[in-house]
Amino acid sequence: MRKPYIAANWKMNMTNQETERFINAFLPMVKGITSVDILIAPSFVSLGTASRLLESSNVILGAQDVYFEESGAYTGEISPTMLLSARCSCVIIGHSERRQYFSETDEIVNKKIKNARKNNLEVILCIGESLEEREANRTFEVLDGQLSGSLKDLSLEGMTIAYEPIWAIGTGKTASKEQANEAHAYIREWLRKNKEGADSIRIQYGGSVKPENIVDLMSQPDVDGALVGGASLKPDSFAGIVTGAAQK
Ligand code: PGA
């Protein structure tokens, strides 16, 4: 049995003050929920504030990215040690927006995961196809390439996979539960063939998840949680997703 895992990816949203207001409102809404792992990934600037407010709560603190070097002359970058010093225990790597706008390749993603894992940070690896790739029936081929490139020479320990079809991100167009499960089942089968521990790894779905569709998505056998963007920016909406997932 895989424990449901709901993660908030705040992207480039929320100031320190907004982070504080959100967390103060959100924590009472999810108090006592232990059947779902809950994560919030604010911007780097808000990690300190979030860390202080989430201490001894049931919410895990995550970051949205990490660099593949340990330290040094890399202006603007953030190391695993810095994330750990903010009591961050998890990092999202390879989000499609990083791949699309910041030219992240599977090779870079692989180096970032290695650095995170070496420092014992848990990782949420994001993969998923574009609309053109889906329409050209290339979804599985794209997933194969992203999985083999991103997970090269890595075990599944400390890993979560987020399947996020790019056409569903921020568009209001959610994949149907069947489409999501088909991709998740394919990913799990790939992991079974290539790695140890495929049956215990959690696969989150991401792309326009909201309180209204989480129960439906979670009803699928291979959907173990969600990575949520837009609907994670309001405490009641994110709490609605968490409580929906708790029904699984
Ligand atoms: P969305 O974003 O929920 O706003 O579609 C999901 C994500 O990019 O992780």
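A salt bridge here is a side-chain nitrogen of Lys or Arg within 4 Å of a carboxyl oxygen of Asp or Glu. With that in hand, here are my notes.

1. Ground rules. This is a predicted model, in which local features need pLDDT of at least 70 and side-chain atom pairs count only at pLDDT 80 or more, while totals for chains, interfaces and linings use all residues. Residues are numbered from 1 along each chain as its sequence is written, and side-chain values use heavy atoms, with hydrogens and water left out.

2. Salt bridges overall. Searching the whole structure turns up 23 salt bridges. Side chains of opposite charge can pair when their charged atoms come close.

3. Arg98 and its two partners. Arg98 makes a salt bridge to Glu104, with N to O at 3.2 Å. For exposure, buried means under 20% relative accessible area, exposed over 50%, and partly exposed in between (1.4 Å probe, protein chains only). Glu104 is buried at 6%, whereas Arg98 is partly exposed at 24%. Arg98 also lies over the face of Phe102, 4.1 Å from the ring centre; such a charge over a ring needs NZ of Lys or CZ of Arg within 6 Å of the ring centre and within 35 degrees of the ring normal. Another case is Lys111, whose charged end sits over the ring of Phe68, 4.1 Å from its centre.

4. Two further pairs and a network. Glu141 and Arg138 form a salt bridge, their closest N and O atoms 3.1 Å apart. Glu141 is partly exposed at 47%, and Arg138 is partly exposed at 34%. Asp153 pairs with Lys152, where the closest N and O atoms are 3.8 Å apart, and Asp153 counts as exposed at 63%. Please also look at Arg2, Arg188, Asp222 and Asp224, which are joined into one network by salt bridges that share partners.

5. The ligand site. There are 13 residues around the ligand (a heavy atom within 4 Å of it), and Lys11, His95, Glu164, Gly170 and Ser208 come nearest. Three side chains place an N or O atom by a ligand oxygen: Lys11 at 2.7 Å, His95 at 2.7 Å and Glu164 at 2.6 Å. The protein covers 95% of the 280 Å² of accessible area that the ligand has on its own (Shrake-Rupley method, 1.4 Å probe).

6. Make-up of the shell. By class, four nonpolar, seven polar and two charged residues surround the ligand. Nonpolar takes in Ala, Val, Leu, Ile, Met, Phe, Trp, Tyr, Cys and Pro; charged takes in Asp, Glu, Lys and Arg; the others, Gly among them, count as polar.

7. Aromatic pairs. The whole structure holds seven aromatic pairs, where rings of Phe, Tyr and Trp (its six-membered ring) pair if their centres lie within 6.5 Å, with planes under 30 degrees apart stacked, over 60 edge-to-face and the rest tilted. Tyr67 and Tyr74 have ring centres 5.2 Å apart and planes at 50 degrees, so they make a tilted pair. Tyr67 is buried at 15%, while Tyr74 is partly exposed at 33%. Elsewhere on your list should be Trp10, Phe22, Phe26 and Phe238, which form one aromatic cluster.

Key: A polar contact is a pair of N or O atoms within 3.5 Å; within protein, one must be able to donate a hydrogen and the other to accept it, and residues adjacent in sequence count only if both atoms are side-chain atoms.
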